[in-house]
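New to this one? Take a look at the fold first, and then read on for a short tour of its parts.

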Amino acid sequence: MDSLTLTDNQFEIIKDWLYQHAGIFLNANKRSLVAGRLHKRLTQLELANYGQYIALLQDDYGTEREVAINLLTTNETYFFREPKHFEFITHYVQTLPKGTEVKIWSAASSSGEEAYSIAMVLAGYFGCHAGWKVMGTDINTQVLQQAKKAIYPVVRTEKIPENYLKKFCLKGVRKDSGWFRIKPEVTKHVEFINYNLMTPPKWDTKFDVIFLRNVLIYFNLAEKKHIIANVLRSLKPNGILIVGHSESIHGYHSKLSQVRPSCYRFTHD
């Protein structure tokens with residue numbers, strides 16, 4: 001049995017497969033990550049080696065494709081990650097015309113922490129009875145299911161500001177001890193949709209702000225520009241596009257101008 005050994009050739013096949021089906025490029029140093037994440041799946045399916053799993057992927061047109069994409073897409077996230085962005089949108093939404101029903105898109109939402117962080121900021125400023133909306137999207141269907149539940153381990157609360165924690169979160173008791181939930185009056189404003197950033201948006205909604213943070217690192221330059229062009233289809237004129245602090249998209253699109261590091265305004269002619 002050679003299931004613990006992922007050969008160079010097998011890694012290249014899986015790498016090409018993931019690129020074809022999800023648009024995500026894996027560097028050579030990700031081989032051990034791929035082997036580790038797929039090994040448990042081999043055991044579940046009682047497959048003898050990675051070659052058998054590759055054959056299954058190439059023959060499968062739906063179910064196993066989704067499982068593999070879920071296993072191989074990275075989902076490192078936490079509440080109020082890169083807090084300066086949340087300070088920025090707190091001030092930005094105050095500059096919008098009165099009566100604006102603010103809409104913000106979390107374009108690589110993973111298990112929902114970013115989307116709910118945005119929602120808490122909007123709930124804190126507008127209240128839970130206003131008409132604001134947050135949409136979260138991800139290619140990984142498994143993490144989207146987690147996001148929809150809005151239930152997280154209590155250890156994840158450490159970055160949530162105290163006032164938001166008290167106002168918008170519920171701590172579990174008895175059998176739910178060790179967990180917390182985002183309150184329904186917040187979650188009712190948030191929806192999650194499965195979406196591949198390599199494809200044009202499948203909705204007509206225009207957003208005031210789009211978060212596209214810490215995802216472009218998985219793509220080459222041409223793909224990054226393609227993704228930017230896709231998401232800008234859903235950004236309002238003068239809306240804001242936010243990328244990760246370690247990312248720069250200067251020069252990627254002629255109608256984007258930087259207003260501060262990692263925050264760009266979408267200007268129309």
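What follows is a walk through the sheets, a pair of helices and the nonpolar cores.

Keep in mind that this is a predicted model.

Let's start with the sheets, set side by side here.

| Strand order | Pairing | Average turn between neighbouring strands |
|---|---|---|
| 6-2-1-7-8-10-9 | mixed | 25 degrees |
| 3-5-4 | antiparallel | 30 degrees, direction ignored |

The seven-stranded sheet is open. Its edges are strand 6 (190-194) and strand 9 (256-260), and each has a single partner strand, so one side of each has no neighbour in the sheet. Further in, strand 7 runs parallel to strand 8, and the two are joined by five bridges. Ile 210 has Leu 241 of strand 8 as its bridge partner. There's a helix lying against this sheet too: helix 7 (residues 141-149) touches strand 2 (133-138) and strand 6, and its direction makes about 165 degrees with that of strand 6.

The three-stranded sheet is also open. Here strand 3 (151-153) and strand 4 (169-171) are the edge strands, each pairing on one side only. Strand 4 pairs with strand 5 (residues 179-182) in the antiparallel sense, over three bridges. Across that pairing, Leu 170 sits opposite Arg 181 of strand 5.

Now for the helices. How do helix 1 and helix 2 cross? Their axes come within 11 Å and cross at roughly 80 degrees, which makes helix 1 roughly perpendicular to helix 2. Helix 1 brings Asp 8, Phe 11 and Ile 14 to the contact, while helix 2 brings Arg 31, Val 34 and Leu 38. Sorted by class, that contact has four nonpolar residues, two charged ones and no polar ones.

On to the cores. The largest nonpolar core has 45 residues, and Trp 105, Leu 212, Ile 228, Leu 241 and Ile 249 touch the most other members. Several elements supply at least two residues each, including helix 2 (31-45), strand 7 (207-212), helix 10 (221-232) and strand 8 (235-243). Helix 1 gives the largest share, five residues. Separate from this core is another one, of 39 residues, with Ile 104, Ile 118, Ile 160 and Phe 211 among them.

And what does Trp 105 touch, leaving out residues up to four places away in sequence? Its contacts include Met 135, Tyr 195, Trp 203, Phe 207, Ile 210 and Val 231, along with Thr 137 and Ser 234.

Notes
Residues numbered from 1 in each chain as written. Predicted model: local features only at pLDDT ≥ 70, side-chain atom pairs only at ≥ 80, totals over all residues. Heavy atoms only, no water. Core = buried A, V, L, I, M, F, W, Y, C linked by side-chain atoms within 4.5 Å. Buried < 20%, exposed > 50% of the residue type's maximum accessible area, 1.4 Å probe, protein only. Helix = DSSP H or I, 4+ residues; strand = E, 2+ residues; numbered from the N terminus. Contact = heavy atoms within 4.5 Å. Pairing = 2+ DSSP bridges. Axes fitted to C-alpha atoms, helices over the stretch in contact; angles between N-to-C directions. Parallel < 35°, antiparallel > 145°, perpendicular 65-115°, else oblique. Nonpolar A, V, L, I, M, F, W, Y, C, P; charged D, E, K, R; others polar.
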